[in-house]
Amino acid sequence: MKRLVDTQIKESGGAVLKASIYHTEEDGFSIDYLINNEAVKTEQFSGKSIFYVEDAVENWFSGIKILNS
């Protein structure tokens with residue numbers, strides 16, 4: 001079972017970027033990335049801290065992290 005930890009939203013270039021961070025007992029953390037409420041990618045982060053995962057979201061918002069489907 002996954003539990004929602006945080007949702008972050010940013011408007012960028014006319015698009016709404018949304019990242020929902022989840023925690024599961026088995027897999028650690030995951031992020032669901034959405035652009036204009038359409039799912040783009042889900043990324044797993046096994047063995048990483050919440051701070052690492054939050055940094056991944058911030059990097060995506062700032063354009064540093066590129067999502068390869």
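## A walk through a β-β-β-β-α chain

Start with the whole chain in cartoon view, where you will find one helix and four strands; helices (H or I, at least four residues) and strands (E, at least two) are DSSP runs, numbered from the N terminus. From one end of the sequence to the other, the pattern reads β-β-β-β-α. With a radius of gyration of 12 Å, close to the 11 Å that the globule rule gives for 69 residues, the chain is as compact as a globular protein of that length. That radius is taken over C-alpha atoms, and the globule rule is 2.2 Å times the number of residues to the power 0.38.

Before zooming in, note that this is a predicted model, in which local features need pLDDT of at least 70 and side-chain atom pairs count only at pLDDT 80 or more, while totals for chains, interfaces and linings use all residues. Residues are numbered from 1 along each chain as its sequence is written, and side-chain values use heavy atoms, with hydrogens and water left out.

**The overall frame.** Show the C-alpha atoms and align the view to the principal axes: the atoms fill a box of roughly 35 × 20 × 20 Å. Now switch on the surface. The chain exposes about 4,500 Å², with carbon and sulfur atoms supplying 48% of that area; the areas come from the Shrake-Rupley method with a 1.4 Å probe, and for residues only the protein chains shown count as cover. Buried residues make up 36% of the 69 residues, where buried means under 20% relative accessible area, exposed over 50%, and partly exposed in between (1.4 Å probe, protein chains only).

**The core.** Next, select I21, I31, Y33, F45 and W60. Of the 14 residues in the largest nonpolar core, these touch the most other members; such a core is a set of buried Ala, Val, Leu, Ile, Met, Phe, Trp, Tyr and Cys residues joined through side-chain atoms within 4.5 Å. The elements giving two or more residues to this core are β2 (15-24), β3 and α1. Which element supplies the largest share of this core? That is α1, with six residues.

Stay on I21 and display its surroundings. Leaving aside neighbours within four places in sequence, I21 is in contact (heavy atoms within 4.5 Å) with residues including L4, F29, I31, I50, V53 and V57. Q8 is another one of the residues that I21 contacts, so to speak our next stop.

**Around Q8.** Q8 sits in strand β1 (residues 2-12). Is Q8 buried or exposed? Q8 is buried, at a relative accessible area of 17%. Select D6 as well: a polar contact of 3.1 Å joins the two side chains, the term standing for a pair of N or O atoms within 3.5 Å; within protein, one must be able to donate a hydrogen and the other to accept it, and residues adjacent in sequence count only if both atoms are side-chain atoms. Not counting residues up to four places away in sequence, Q8 also touches L17, K18, A19, I21, E54, V57, E58 and F61.

**The salt bridges.** Side chains of opposite charge can pair when their charged atoms come close. Requiring a side-chain nitrogen of Lys or Arg within 4 Å of a carboxyl oxygen of Asp or Glu, the count comes to two salt bridges.

- Pick K2 and D32, which meet at 3.6 Å, N to O. The pair links distant parts of the chain, K2 in strand β1 and D32 in strand β3 (residues 28-35), 30 residues apart. K2 is partly exposed at 44% relative accessibility, whereas D32 is buried at 15%.
- Finish with E43 and K65, whose closest N and O atoms are 3.2 Å apart. E43 lies in strand β4 (residues 38-45) and K65 in the segment after α1 (50-62), so the pair ties together parts that are 22 residues apart in sequence. E43 is buried at 16%, and K65 is partly exposed at 22%.
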